[in-house]
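I opened this entry to keep a record of what I looked up, item by item, with the structure beside me.

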Amino acid sequence: FNLQLWNNYFHLAVAFITQESLQLENFSHAKYNKIQNKYGDMRRLIGFAIRDMWYKLGQNKICFIPGMVGPILEMTLIPEVELRKATIPIFFDMMLCEYQRTGEFKKFENEIILKLDHEVEGGRGDEHYMQLFESILTECACQYPGIFNLVESFVSLVKGLLEKLLDYRTVMNDESKDNRMSCTVNLL
């Protein structure tokens, strides 16, 4: 097992998916349609490959926690529904790997909270992501009663944080200083 090779693969694939020129939702409707018809959404194809390769790592997955949490988060925040549905379950697998090794998933939790703040501040994330994140992780956890309560608490924590971060991002453009201050206090 060559850790550096796999690490390079995942980082390169995520860098490909997140590059600005592939963010189709930023294009005009005509340009979006033209690219979709000619090439399809390459982000989805590569995202599915990342997912498949993640599950082939076996016991070596633990080597990528927490290092790959940020890049995977960045990929799941791309506003493409099928990509999100395919890749958000990687988070549960990360939690499960760390839990099986240590009895908790604090490294994963701390990393995702840290990275989520950075990503939302950078303009990524939305209400739909929050709902998908909650439903997918809860559904995955149902199959593991021993970890279900921990996952449920984690999802609740992340959902609350994401709500506050999205509110904060919205009010930063608001003229009212009171609204901005209130939102900042809530976030803190």
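I began with lysine 107, which I found in helix α7, the helix of residues 106–121. I keep in mind throughout that the model is a predicted one. Lysine 107 has a relative accessibility of 54%, and because the cut-off for exposed is over 50%, I entered lysine 107 as exposed. Setting aside neighbours within four places in sequence, I listed Pro66 and Glu98 as the contacts of lysine 107. I also looked up its distance to glycine 67, and the two C-alpha atoms are 9.6 Å apart although the residues are separated by 40 positions in sequence.

Since Pro66 had come up as a contact of lysine 107, I turned to that proline next. Proline 66 belongs to the loop that runs between α3 (42–55) and α4 (69–76). The peptide bond leading into proline 66 from isoleucine 65 is cis, and I noted its omega as near 10 degrees. For context I wrote beside this that most peptide bonds are trans.

I then went to the loop between α1 (3–18) and α2 (29–39), where glutamate 25 is found. Its relative accessible area is 36%, so I put glutamate 25 down as partly exposed. Leaving out residues up to four places away in sequence, glutamate 25 touches Arg43 and Pro79. Its C-alpha atom is separated by 9.4 Å from that of isoleucine 78, a residue 53 places apart from it along the chain.

Helix α2 follows that loop, and I asked how many of its 11 residues are buried. The number is 1, so I described α2 as lying largely in the open. Just after α2 I came to glycine 40, which takes a positive phi of about 75 degrees.

Next I looked up aspartate 93, which sits in helix α6 (residues 89–102). Is aspartate 93 buried or exposed? Its relative accessibility is 12%, and because buried means under 20%, I recorded aspartate 93 as buried. Beyond its neighbours within four places in sequence, aspartate 93 is in contact with Trp54, Tyr55 and Lys61.

From α6 I moved on to its packing with helix α8 (residues 127–141), and I noted that the two axes come within 9 Å and cross at roughly 45 degrees. I therefore described α6 and α8 as oblique to each other, and I added that the crossing is right-handed. On the α6 side the contact is made by Pro89, Phe91, Phe92 and Met95, and on the α8 side by Tyr129, Phe133, Ile136, Leu137, Cys140 and Ala141. Sorted by class, this contact has 10 nonpolar residues, with no polar and no charged ones.

I compared this with the pairing of α8 and helix α9 (residues 145–171), whose axes come within 9 Å and cross at roughly 175 degrees. That angle makes α8 roughly antiparallel to α9, which is why I used that term. Among the residues of α8 that meet α9 are Met130, Phe133 and Leu137, and the α9 residues include Phe148, Val155 and Leu162. The contact of α8 with α9 divides into 13 nonpolar, 1 polar and 4 charged residues.

Last, I checked the annotation, and the unreviewed UniProt entry places the feature "domain: Dedicator of cytokinesis TPR repeats region" at residues 1–136. Over residues 1–136 I noted 71% helix and 0% strand, with the end C-alpha atoms 30 Å apart.

Technical notes
Residues are numbered from 1 along each chain as its sequence is written. This is a predicted model: local features need pLDDT of at least 70, side-chain atom pairs count only at pLDDT 80 or more; totals for chains, interfaces and linings use all residues. Side-chain values use heavy atoms; hydrogens and water are left out. Helices (H or I, at least four residues) and strands (E, at least two) are DSSP runs, numbered from the N terminus. Buried means under 20% relative accessible area, exposed over 50%, partly exposed in between (1.4 Å probe, protein chains only). Contact means heavy atoms within 4.5 Å. Axes are lines fitted to C-alpha atoms, for helices over the stretch in contact, and angles run from 0 to 180 degrees between N-to-C directions. Angles under 35 degrees count as roughly parallel, over 145 as roughly antiparallel, 65 to 115 as roughly perpendicular and the rest as oblique. A crossing is left-handed if the near helix is turned anticlockwise from the far one by less than a right angle, and right-handed if clockwise. Ala, Val, Leu, Ile, Met, Phe, Trp, Tyr, Cys and Pro count as nonpolar, Asp, Glu, Lys and Arg as charged, and the others, Gly among them, as polar. UniProt positions are given in the numbering used here, feature names are shortened, and annotations may be inferred rather than shown by experiment.
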